[in-house]
Amino acid sequence: MRLLVIEKKVARRYESGDSSSVTDMNTTPSNQQNGTEDAEGGNDEERPLLGGKKEDEAAFKLSENQPKIARLIPILPCLADPRLLTAFLVAFIQAMLLGNFDATIPTVAQEYYNFNSLKAGILFLPLGAFDFILGPIFGWCVDRFGTKPVAVLSYTYLVPVLILLRLPHPGGQDQTILYGGLLALCGIGLAGIGAPSIVEAGTVVQKYYEANPDFFGEDGEQNTLGNLV
Amino acid sequence: MVFSAGLTLGPELAGELKQAIGYGNMNLVLAVICAVTAVLCFVYIGGKPRLFRRKRS
């Protein structure tokens with residue numbers, strides 16, 4: 001449990017005199033230079049697994065002559081990147097699905113099974129419980145396998161599950177249990193799509209920041225990005 | 001902002017569709033949207049997939 005947290009860019013302001021003591025902050029440009037020097041020395045552990053760091057950086061380099069408004073609002077050139085836009089889309093669709101369930105489950109429960117508010121609320125339990133329990137597990141999967149497999153698999157998984165939601169019909173307890181079970185499966189899917197969305201947006205902006213340190217200045221635009229998402 | 005926009009549009013869209021074409025078909029429309037998003041994720045999220053990289057080189 002943490003008692004005190006110091007944000008990286010705040011710590012950087014106070015530690016700027018002594019760069020040798022900085023061991024943990026692997027995002028500053030000076031540490032990047034140390035990393036490439038080690039790689040040239042034949043240190044296998046520092047070599048990235050996929051592609052090259054330099055080819056990655058070239059993709060995120062912004063051109064030198066940016067229009068004035070881009071200098072005023074540094075996040076604007078980043079917003080042209082399809083990867084960041086897709087990350088926003090993932091978050092948007094996740095929120096849309098959540099809103100969809102919030103709106104339709106009570107009315108379906110009322111129409112099909114004559115549930116009052118309490119029972120309709122109980123119907124939210126499988127959806128929420130699986131989302132809650134599996135959230136950290138999918139977070140671990142994103143750390144281990146990357147955002148792409150988790151996002152693609154979760155959305156693909158949701159397609160048949162959403163189609164199956166047409167199965168429950170007005171009826172007795174067995175239909176209720178069927179609906180609850182299907183909602184639990186939807187909860188798994190929602191947990192899966194929740195994990196990669198913000199992680200991906202943060203990663204892309206971090207890469208832009210590392211590739212263009214002079215464009216973004218001392219403080220990153222992490223706060224702007226956080227507000228955008 | 002994006003998340004809140006989704007939470008705003010979601011219930012509206014879901015309600016409209018449910019009244020217009022029924023619950024089952026509304027879920028079908030959402031499933032199609034999820035499928036499109038899955039394809040977009042495959043192409044764009046986490047860097048270009050290996051298929052496209054091999055074609056270029």
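Let's start where the two chains meet: between chain B and chain A there is 1 salt bridge. Keep in mind that this is a predicted model. The partners in that bridge are the side chains of B:Lys18 and A:Glu111, with 3.4 Å from N to O. That distance counts because a salt bridge needs the nitrogen within 4 Å of the carboxyl oxygen. Beyond charge, you can also look for polar contacts, and here 5 residue pairs link chain B and chain A in that way (both at pLDDT 80 or more).

So which parts of chain B do the touching? Two elements give two or more residues each to the side facing chain A: helix H1 (2-21) and helix H2 (23-44) of chain B. H2(B) gives the most, with 18 residues. Sort that side of chain B by class and you get 25 nonpolar, 8 polar and 3 charged residues.

Now step back to the whole contact. Chain B brings 36 residues to it, and chain A brings 41. Together they bury about 3,300 Å², and carbon and sulfur atoms give 74% of that area. Three residues are worth finding in the structure: B:Phe3, B:Tyr23 and B:Ile45 supply 20% of what chain B buries against chain A, more than any other three residues.

Finally, take a look at chain B itself. Its secondary structure comes to 3 helices and 0 strands, so following the chain from the N terminus you read α-α-α. Of its 57 residues, 35% count as buried. The accessible surface of chain B comes to about 3,500 Å², with 64% of it belonging to carbon and sulfur atoms.

Terms used:
Residues are numbered from 1 along each chain as its sequence is written. Chains are lettered from A and ligands numbered from 1 in the order in which they are written. This is a predicted model: local features need pLDDT of at least 70, side-chain atom pairs count only at pLDDT 80 or more; totals for chains, interfaces and linings use all residues. Side-chain values use heavy atoms; hydrogens and water are left out. Contact means heavy atoms within 4.5 Å. Buried area is the accessible area (1.4 Å probe) that two parts lose on being put together, summed over both. A polar contact is a pair of N or O atoms within 3.5 Å; within protein, one must be able to donate a hydrogen and the other to accept it, and residues adjacent in sequence count only if both atoms are side-chain atoms. Helices (H or I, at least four residues) and strands (E, at least two) are DSSP runs, numbered from the N terminus. Ala, Val, Leu, Ile, Met, Phe, Trp, Tyr, Cys and Pro count as nonpolar, Asp, Glu, Lys and Arg as charged, and the others, Gly among them, as polar. Buried means under 20% relative accessible area, exposed over 50%, partly exposed in between (1.4 Å probe, protein chains only). Accessible areas come from the Shrake-Rupley method with a 1.4 Å probe; for residues, only the protein chains shown count as cover.
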